[in-house]
Amino acid sequence: MTARLAVVTGGSRGIGFGIAMRLAADGWALLVTARDADRLAAARAELLAAGAAGVRTVTADLAADAGVQAIVDAAVEWTDRVDALVLSAGVGTAGPVATLPVARYDKTFAVDVRAPFLLLQGMLPQLRAAAAANPALGARVVALASITGVHAEPGLAAYGAAKAALISLLETFNAEESVGGVSATAISPGYVDTDMSAWTRGTVPQDAMIPVDDIAELAAGLLRLSARSVIPNVVVGRAGGDGRRA
Ligand SMILES: NC(=O)c1ccc[n+]([C@@H]2O[C@H](COP(=O)([O-])OP(=O)(O)OC[C@H]3O[C@@H](n4cnc5c(N)ncnc54)[C@H](OP(=O)(O)O)[C@@H]3O)[C@@H](O)[C@H]2O)c1
């Protein structure tokens, strides 16, 4: 395959779909994953219409290790080189430390930290192969963290802790892998206008939220950079706030 290939988790809706659409317009081949098969099929059609070189889908729940393995297996079946791994699937969890049920803490860490860790491990041979085949560009991981992983926010302890862990994981990944041309970048935004942030529209108006297209543009830009630039984290605040709040 001559087109660059990206695996995009959470690529059926929201930020992941926005990034996938942006990459489709640039002619990437895409392996897109989520749980809802119908929405994935609709996304596949839209991505092909937008110019993707090829689109495959995997229906998989990232809360379970078997879901992670299904994604790795599908990638291995398709190609021996993965140029980009976009980790967008995630769950949000609101609640104070005092009362947050530990089951929600566990689910958040399973999807937002454990699954990315396992996907980094599982995809590493193909990311390394892509970097070896294209040393100038290398291969890059782009993972959606959150501004709450950088600046603590009341009521978002489990979510913020999970995203802080994700940011740290990517920093270590860079220390270990970037010499070989594989690097990772966290994107850490405040509220982005998607389904996930719908619950807060009463306090943060939709037109004050970050547009999905801005995050997609950032991701596409990161994937055009040379392997010589390692960017650990891009924090994106909202206009009019204090620059630290979600
Ligand atoms: N929206 C925001 O305000 C905001 C701000 C900062 C960071 N982020 C981060 O950005 C990422 C994307 O958020 P978003 O706003 O695009 O969310 P979204 O609109 O809710 O979309 C989430 C995507 O992930 C998939 N997904 C959710 N749970 C999954 C699971 N257990 N296994 C596999 N796939 C799953 C969803 O598809 P299915 O439901 O079909 O599985 C969907 O494709 C997340 O990591 C989030 O934490 C979001």
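These exercises walk through the sheet of a predicted model and its strand E5.

Residues are numbered from 1 along each chain as its sequence is written. In this predicted model, local features need pLDDT of at least 70, side-chain atom pairs count only at pLDDT 80 or more, and totals for chains, interfaces and linings use all residues, while side-chain values use heavy atoms, without hydrogens and water.

**Exercise 1.** State in what order the strands form the sheet, and why one side of E3 and E7 is left without a neighbour.

Solution. Strands are DSSP runs (E, at least two residues; helices are H or I, at least four), numbered from the N terminus. Two strands pair if DSSP finds at least two bridges between them. Seven strands form an open sheet, E3-E2-E1-E4-E5-E6-E7, with parallel pairing. E3 (54–59) and E7 (233–236) stand at the edges with a single partner strand each, so one side of each lacks a neighbour in the sheet.

**Exercise 2.** Find which strands E5 is joined to, and by how many bridges.

Solution. Take E4 first. Four bridges join E4 to E5. Here Ala 84 stands opposite Arg 140. Now take E6. Six bridges join E5 (residues 139–144) to E6 (residues 182–189). Ala 143 has Ala 186 as its bridge partner, and Leu 144 stands opposite Ile 187.

**Exercise 3.** Decide whether the faces of E5 are covered or not.

Solution. Buried means under 20% relative accessible area (exposed is over 50%, partly exposed in between; 1.4 Å probe, protein chains only). Six of six residues in E5 are buried. Ala 139, Val 141 and Ala 143 lie on one side. Arg 140, Val 142 and Leu 144 lie on the other. Both faces are covered. In a regular strand, side chains alternate between the two faces of the sheet.
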